[in-house]
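Q: I keep seeing labels like "buried" and "salt bridge" in structure reports. Could you walk me through where they come from?

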Amino acid sequence: MSKKILVLTGGGDAPGLNAVIRGVCKRARKESTQGEPWEVYGSIEAFNGVLNEPQEIIKLTTRKTAGIHVKGGTILKTTNKANPIKFPVVQPDGTTKFFDRSDELVKKLKALNFDAIINIGGDGSQKISKTLFDKGLPMVGVPKTIDNDLSATDVTFGFQTAVQIATDSFDKLVTTAESHHRVMIMEVMGRDAGWIALHTAIAGGAEICLIPEIPYDINKLAKKIEARYKKGRGFVNIVIAEGAKPKAGSITSSAGEKGSEHVRLGGVAYQLSKQLKDAGCKAEIRETVLGHVQRGGTPTAFDRVLASLFGVKAFELVLNKEFGRMVAFKNNTVTSVSLEEATAEYNFLSQNSYLVKSAKGLGISFGD
Ligand code: F6P
């Protein structure tokens, strides 16, 4: 009898998810030719494939996974609005109530009799992995985040691709800023952490970088811009993370969404533009909100490699029955950490980090 693994992808998608799925399947097939047979299955749209009736669980055959490592998105689909521990149900009056469906999920998963469950996802998904492991399921986690906000791994796939997309866009804005003597504001993703923004600012050579961890002083920014225009070098390029906020103020949310635990961010570039004008900035300002292009398309070679290695490692954790662990990349090698460690701390960008200090050394202003 074959042993069976269930794989799923949860939370926002990230380039590289398919390479992880393929890595698990390839390593399992190799094991099958050498030792005991393994079959890999996928739950469609995170745990919804298990919770929904009828269930949606597909067999991941060679035909389904061949060549998918170069494709963005996830062949298993995903959602960030179906946390089984806090499952949103929209009420007849339009409000949303959250229910704990973890016991129901555990019951259904136990009935399906998988030898292991590999959950590929970010902070929220790994918290779910931990809950399910504590309730007796053979869980293995694989970290995924374009935001680079998991502290238990030095890097994750998706982040590099997002930074590359943002940098390519930034480079294009620089040339038009220079031609028109404009202030260009480019908004990137980063709800609570400014990793994408700062990497893009350094790679692109921004004058100003605004991140959630360092609230900005609008008057200081206005002065910095004025000083640059006075020098006769009349253009400024700004990168701002969607979760950045002024010292006296709050984050800019576009809306609360039905079924979501989070408010939707987006539009902070326009808010900054207005604040600069109110603070007396005379220069012409244009805003660009990159949005979900940062999460789409083909993963960079680095992210394909990392994701493939993560897939292989996840299978090997299963093979060795090392459950309750998450794959991680640390000290230049692929390793694993306990799910407890994986979810203990959020990866904020520290003001004292070498990255922030070096950026300041390059003359990048955080407006602090
Ligand atoms: O966590 C990843 C992320 O891309 C955040 O940076 C962003 O705030 C959020 O997802 C956007 O989510 P959605 O796809 O629901 O708009």
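A: Sure. Let's start with helices: a helix here is a DSSP run of at least four residues, and helices are numbered from the N terminus. Keep in mind that this is a predicted model.

Q: What makes Asp 278 and Lys 274 about one helical turn apart?
A: The two residues are four residues apart in helix 9 (residues 268–278), and that spacing is why they are separated by about one helical turn.

Q: Why is the contact between Asp 278 and Lys 274 called a salt bridge?
A: The cut-off is 4 Å between a side-chain nitrogen of Lys or Arg and a carboxyl oxygen of Asp or Glu. For Asp 278 and Lys 274 the closest N and O atoms are 2.9 Å apart, which fits. Both residues are exposed.

Q: How do you know that Glu 53 and Lys 108 form a salt bridge?
A: Their closest N and O atoms are 3.1 Å apart, and the limit is 4 Å. This pair links distant parts of the chain, 55 residues apart: Glu 53 is in the loop between helix 2 (48–51) and strand 3 (57–59), while Lys 108 belongs to helix 4 (residues 102–112).

Q: Of those two, why is Glu 53 called exposed?
A: Exposed means over 50% relative accessible area. Glu 53 has 61%, so it counts as exposed.

Q: And what makes Lys 108 buried?
A: Buried means under 20%. Lys 108 comes in at 17%, so that's the label it gets.

Q: How do you know that Lys 330 and Glu 341 form a salt bridge, and what does the pair tie together?
A: N to O is 3.5 Å for this pair, and the cut-off is 4 Å. Lys 330 sits in strand 14 (residues 325–330) and Glu 341 in helix 11 (residues 339–344), so the bridge ties together parts that are eleven residues apart in sequence.

Q: Why is Lys 330 called partly exposed?
A: Partly exposed runs between the 20% and 50% limits. Lys 330 has 25%, so it lands there. Glu 341, at 40%, is partly exposed too.

Q: How many salt bridges does a search of the whole structure find?
A: The search finds 18. Some share partners: Glu 53, Arg 101, Glu 104 and Lys 108 are joined into one network that way.

Q: What makes Ser 125 buried?
A: Its relative accessibility is 9%, and buried means under 20%. Ser 125 is in helix 5 (residues 123–134). Not counting residues up to four places away in sequence, Ser 125 touches Gly 10, Gly 11 and Asn 119.

Q: How do you know that Asp 147 makes a polar contact with the ligand?
A: An N or O atom in the side chain of Asp 147 is 2.8 Å from an oxygen atom of the ligand, and the limit is 3.5 Å. His 292 has a polar side-chain atom 2.9 Å from a ligand oxygen, and so does Arg 295, at 2.9 Å. Taken alone the ligand exposes 400 Å², and the protein buries 78% of that.

Q: How many aromatic pairs does the structure hold?
A: There are four. In one of them, the rings of Trp 38 and Phe 315 have planes at 80 degrees, so the pair is edge-to-face; the label needs over 60.

Q: Why is the pair of Tyr 346 and Phe 348 called tilted?
A: The angle between the planes is 50 degrees. Stacked needs under 30 and edge-to-face over 60, so the rest are tilted.

Definitions and conventions. Residues numbered from 1 in each chain as written. Predicted model: local features only at pLDDT ≥ 70, side-chain atom pairs only at ≥ 80, totals over all residues. Heavy atoms only, no water. Buried < 20%, exposed > 50% of the residue type's maximum accessible area, 1.4 Å probe, protein only. Contact = heavy atoms within 4.5 Å. Polar contact = N/O pair within 3.5 Å; in protein donor to acceptor, adjacent residues only side chain to side chain. Areas by Shrake-Rupley, 256 points an atom, 1.4 Å probe, with all protein chains shown as cover. Phe/Tyr/Trp six-rings, centres within 6.5 Å; stacked < 30°, edge-to-face > 60°.
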